[in-house]
Amino acid sequence: MDTLRISCAHDLAYVPQYAGLATGRFAAQSIDLSFYKSNGTVEDTVGAVSRGDVDLLLGSCVYGLRLAETGMDPVIVAQSNQQTRHMLAQRVDGTPALTWPELRGKSIVVYPGEAPTAWAAFVYALAQAGLTLADVKLIFGFTAEDAVAEFIRGVGDVFFVDGEVALRDDLRVTLPVSNRAGRLPWSVYMASRAVVAGRRPLFARFAAALDDSQKWLAVQSPETIASTVAPYFPHYTPERLVTVVSCYRSIELWAATSTVQLDQLARWSLALQQNGLLAPGTQLTDHLGVV
């Protein structure tokens, strides 16, 4: 049995790898996965790869840009997610659900602490609706707890928030960002090209097991998925697990295949350029190879 060490957040967004472990799909490829517990900073998450503490980094392509800056030649081995999970929510107050064009002139409370990629996807989605940030009014500055409370109390018209935070009885998700931004390579597995070259059959087996897991997920009910991965998320109640999994299924968060989608990389490159996270006139593939 070969072990692959992965640096990533412990998050329901990454259900495919846990489903693959739980259903024996990685074991069938003679692979076990171990997970690096970072301190949550970008520096440590990326640094684990640079130091050789892990074989793979699962996360945003922007992490791959950081790897390239360290002098590494990073490559994308497989794709996990194909959407942002961020949402625009409204209060449960009987007002009609807004459409994207109807955001013009509206006040948007911004939930703090979100990654810059979440904002990049939102700005890109606005552009697809013919809007810019100048067309909306942004309300920043609340703590995470206060942002929820103040929005529900009546501050602002719309709430920009992580999908899991939005799953409350007093909020209603009306505009998933993914519905307007389109599919994006939100989370990918990255590694050093030299490491992949030295263990190419192992990484090919990993991608095959992940692909099999993604195809399994695509045909299962949220209840089956939730019960299958529950041992990896003991801090969730069974009901909450089903709620979150149902949400992620509804926006097709998880990629249907581990094969990297080049059209999504090109679309995401444009969005990152528009938001200053990628140099103008460049593509992610100028910095990140694809196995």
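A salt bridge here is a side-chain nitrogen of Lys or Arg within 4 Å of a carboxyl oxygen of Asp or Glu. The model is predicted. The exercises below work through its charged pairs, one strand, one loop residue and the overall fold.

**Exercise 1. Test the pair R85 and D11 against the salt-bridge cut-off, then place both residues in the chain.**

Step 1. Take the closest N and O atoms of R85 and D11: they are 2.7 Å apart. The cut-off is 4 Å. The pair therefore counts as a salt bridge.

Step 2. Locate the partners. R85 sits in the loop between β4 (74-81) and β5 (86-91). D11 sits in the loop between β1 (2-7) and α1 (15-22). The two are 74 residues apart, and the bridge links distant parts of the chain.

Step 3. Check burial. Both R85 and D11 are buried.

**Exercise 2. Classify D53 and R51 by accessibility.**

Step 1. Establish the pair. D53 and R51 form a salt bridge, with their closest N and O atoms 2.8 Å apart.

Step 2. Recall the limits: buried is under 20% relative accessible area, exposed is over 50%.

Step 3. Apply them. D53 has 33%, so D53 is partly exposed. R51 has 46%, so R51 is partly exposed as well.

**Exercise 3. Describe the bridge between R183 and E252, and find which residues a network of salt bridges joins.**

Step 1. The closest N and O atoms of R183 and E252 are 2.6 Å apart.

Step 2. R183 lies in the loop between α7 (177-181) and β10 (187-192). E252 lies in the loop between α11 (238-250) and α12 (262-274). They are 69 residues apart, so this pair too links distant parts of the chain.

Step 3. R183 has 36% relative accessibility and counts as partly exposed. E252, at 40%, is also partly exposed.

Step 4. Turn to shared partners. R5, D55 and R199 are joined into one network by salt bridges. The structure holds 18 salt bridges in total.

**Exercise 4. Work out how the side chains of β6 point, and which strands pair with β6.**

Step 1. Start from the rule: in a regular strand, side chains alternate between the two faces of the sheet.

Step 2. Read β6 (residues 107-110). S107 and V109 point one way; I108 and V110 point the other way. All four are buried.

Step 3. Find the neighbours. β6 runs parallel to β7 (residues 137-139), joined by three bridges. Three bridges also join β6 to β8 (residues 158-162), again in parallel.

Step 4. Match residues across. I108 stands opposite L138 in β7. V109 stands opposite F159 in β8.

**Exercise 5. Map the surroundings of D135.**

Step 1. D135 lies in the loop between α5 (116-128) and β7.

Step 2. Its side chain reaches the backbone nitrogen of T132 at 2.8 Å.

Step 3. Leave out residues up to four places away in sequence. D135 then touches L103, R104, G105, K106 and G130.

**Exercise 6. Compare the protein's radius of gyration with that of a compact globule, then summarise the fold.**

Step 1. For 291 residues, a compact globule would have a radius near 19 Å. The protein has 19 Å, so the two agree.

Step 2. The C-alpha trace spans about 55 × 45 × 30 Å along its principal axes.

Step 3. Count the elements: twelve helices and eleven strands.

Step 4. Buried residues make up 52% of the 291. Of contacts between residues at least 6 apart in sequence, 79% join residues at least 24 apart.

Step 5. The accessible surface is about 12300 Å². Carbon and sulfur atoms hold 52% of that surface.

Technical notes:
Residues are numbered from 1 along each chain as its sequence is written. This is a predicted model: local features need pLDDT of at least 70, side-chain atom pairs count only at pLDDT 80 or more; totals for chains, interfaces and linings use all residues. Side-chain values use heavy atoms; hydrogens and water are left out. Buried means under 20% relative accessible area, exposed over 50%, partly exposed in between (1.4 Å probe, protein chains only). Two strands pair if DSSP finds at least two bridges between them. A polar contact is a pair of N or O atoms within 3.5 Å; within protein, one must be able to donate a hydrogen and the other to accept it, and residues adjacent in sequence count only if both atoms are side-chain atoms. Contact means heavy atoms within 4.5 Å. The radius of gyration is taken over C-alpha atoms; the globule rule is 2.2 Å times the number of residues to the power 0.38. Accessible areas come from the Shrake-Rupley method with a 1.4 Å probe; for residues, only the protein chains shown count as cover.
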